[in-house]
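The following exercises concern domain contacts, a chain interface and salt bridges. Each task is followed by a solution in steps.

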Amino acid sequence: MSREATSGTVRPILASAAGLAAFAVFSAGLVALTLDLTRERIQTNEDLHLLSRLHEVVPPDLIDNNLHEDTLVVEDDPLLGQQEPVTIYRGRREGEPAMVILPVVAPDGYNSPIHLLVGIRADGTLTGIHVTRHNETPGLGDGIDSRKSDWHKQFRGRSLDDPSREGWKTRRDNGEFDALTGATISPRAVVQAVRKALLYFEHNRERLFAEPEPEARGETP
Amino acid sequence: MSQQSYGEILQDGLWTRNTALVQLLGLCPLLAVTTTAINGLGLGIATLAVVLGSNVLVSLCRHWIPHTIRIPIYVLIIATLVTTVELLMRAWFYELFHVLGIFIPLIVTNCAIIARAEAFASRNTLPRAVADGFATGLGFAACLVVLGGVRELVGQGTLLSDAHLMFGEAARGLAITPIPDYPGFLLAVLPPGAFIALGLLVALKNVIDQRLAQPAPATEPGHPAATAPD
């Protein structure tokens, strides 16, 4: 009798489990099928998206190579603000180093860390900056975003010594860079992140341009 | 239980029981993404696709779904559809996907969808479930677009300013700026503005309902269906 009672409770449980398993298999199949159909297109989109963002900081005619084919992976560095190895993009013209693009993170954004690309010419001047990911207040701090305002343009052509090293602050902090109306924290975070990127470039210039071909791996001195 | 006609199903989803305006379900994405009309439209269409698909699947499978585990199965179906929609958006509306970001996966948590699966699709035939999913999704999407439009207009003085994210570069011309040199009204873009705008929309709907109910004084305000003799 006890055996019958057991099988009486076990059977519905098994039936439920089988039903759930069947739906799980069906769901996984549907997702796998969609992923398979869209994978190539998504990859293309992501490459194009990355490339278009990289080119935001590349002046026309400065380079003649494919940025995403000449990369260098370096270990995280406090100056870059990243927690994981960083992919650096290198622009060349006729084989000669022309510029690098450093992806950096400003950890002290108002709402969350600000991710940006910093383009630096071989001579240490900035080609431009482009904020790629941020969560700053709409209408105030989001002016750091090049889609929202021209605030980012003031960095073009600047370098560590232009303005002076003490001047790498916002005007509010007695520096040389404009802040945004109503926003102090976001511009301050970006200015400091750009300054650190330039410092990183200064410390690592040789290494950044050293290994010429894409096979480069994250090697540190 | 008497069956609703298709007209009633549509009217219910779009107006009488509108997910956003009456049931106030799915408010998290509703309030968070509706900073522009196009954002609202993007999330609205994604939600419409998911609620439609989930109603279709649940209705098709309703005889095979064991009653005791129906809720996990609905969740599974909805999560699958959301993942599928997310992949499709990344493939064809990549820019818009970037703008909407986390709110696409969060469609899973829109309880309006599972509510339709449980309350309607699991008890009705496929065509009726399709009608219900369509009406519910469209009602929600319409509310998202209106709310986004109002906040965009009041906040930035523009309409359809991000149309190119959805329809390609050619649609950039769709953007209109009814008020040139508009200084902007930050509150409308920030989350409190979303609550205020939604509150005003709900109030507007109630006013319209009351006006409609007045010609027939016997009808209880807000529940005109109560007198339908069937």
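**Exercise 1. The domain interface of chain A**

Characterise the contact between domain 1 of chain A and domain 2 of chain A, beginning with the buried area.

Solution.

Step 1. In this predicted model, the two domains of chain A bury about 870 Å² between them, and carbon and sulfur atoms account for 74% of that area.

Step 2. The area that domain 1 of chain A buries against domain 2 of chain A is supplied to 65% by Arg53(A), Leu54(A) and Val57(A), more than by any other three residues.

Step 3. Chain A is divided into domain 1, residues 1–57, and domain 2, residues 63–214. Domain 1 of chain A brings 7 residues to the contact and domain 2 of chain A brings 13 residues. The centres of these domains, taken over C-alpha atoms, are separated by 40 Å.

Step 4. For polar interactions, the count is 0 salt bridges across this interface, and 1 residue pair is in polar contact, both residues being at pLDDT 80 or more. On the side of domain 1 of chain A that touches domain 2 of chain A, the residues comprise 4 nonpolar, 1 polar and 2 charged.

**Exercise 2. The interface of chain B and chain A**

Determine what chain B and chain A contribute to their contact, and which salt bridge involves Glu46(A).

Solution.

Step 1. Chain B supplies 23 residues to the contact, and chain A supplies 21 residues. The area buried between these chains is about 2,000 Å², with 76% of it on carbon and sulfur atoms.

Step 2. Between chain B and chain A there is 1 salt bridge. Glu46(A) pairs with Arg90(B) in a salt bridge whose closest N and O atoms are 2.9 Å apart.

Step 3. The count of residue pairs in polar contact between chain B and chain A is 7, with both residues at pLDDT 80 or more.

Step 4. On the side of chain B that touches chain A, at least two residues come from each of helix H5 (70–92), helix H6 (94–100) and helix H10 (186–189) of chain B. H5(B) gives the largest share, 12 residues. By class, this side of chain B has 16 nonpolar, 5 polar and 2 charged residues.

**Exercise 3. Salt bridges within the chains**

Place the salt bridge of Arg92(A) and Asp70(A) in the chain, and state whether Asp161(A) is buried or exposed.

Solution.

Step 1. Over all chains, the structure holds 12 salt bridges. One of them joins the side chains of Arg92(A) and Asp70(A), at 2.5 Å from N to O. Arg92(A) belongs to strand E2 (residues 86–93) of chain A, whereas Asp70(A) lies in the loop between helix H1 (2–55) and strand E1 (71–74) of chain A; the two are 22 residues apart.

Step 2. Arg92(A) counts as buried because its relative accessibility is 9%, under the 20% cut-off. Asp70(A), with a relative accessible area of 5%, is also buried. A network of salt bridges links Asp70(A), Arg90(A) and Arg92(A).

Step 3. Asp161(A) and Arg165(A) form a salt bridge through their side chains, at 3.0 Å from N to O. Asp161(A) is exposed, because its relative accessible area is 55%, over the 50% cut-off. Arg165(A) is partly exposed, at 36%.

Step 4. In chain B, Glu118(B) and Arg70(B) form a salt bridge with their closest N and O atoms 2.9 Å apart. Because Glu118(B) lies in helix H7 (residues 111–119) of chain B and Arg70(B) in helix H5 of chain B, this pair ties together parts 48 residues apart in sequence.

Terms used:
Residues are numbered from 1 along each chain as its sequence is written. Chains are lettered from A and ligands numbered from 1 in the order in which they are written. This is a predicted model: local features need pLDDT of at least 70, side-chain atom pairs count only at pLDDT 80 or more; totals for chains, interfaces and linings use all residues. Side-chain values use heavy atoms; hydrogens and water are left out. Domain bounds come from an automatic or database domain assignment. Contact means heavy atoms within 4.5 Å. Buried area is the accessible area (1.4 Å probe) that two parts lose on being put together, summed over both. A salt bridge is a side-chain nitrogen of Lys or Arg within 4 Å of a carboxyl oxygen of Asp or Glu. A polar contact is a pair of N or O atoms within 3.5 Å; within protein, one must be able to donate a hydrogen and the other to accept it, and residues adjacent in sequence count only if both atoms are side-chain atoms. Ala, Val, Leu, Ile, Met, Phe, Trp, Tyr, Cys and Pro count as nonpolar, Asp, Glu, Lys and Arg as charged, and the others, Gly among them, as polar. Helices (H or I, at least four residues) and strands (E, at least two) are DSSP runs, numbered from the N terminus. Buried means under 20% relative accessible area, exposed over 50%, partly exposed in between (1.4 Å probe, protein chains only).
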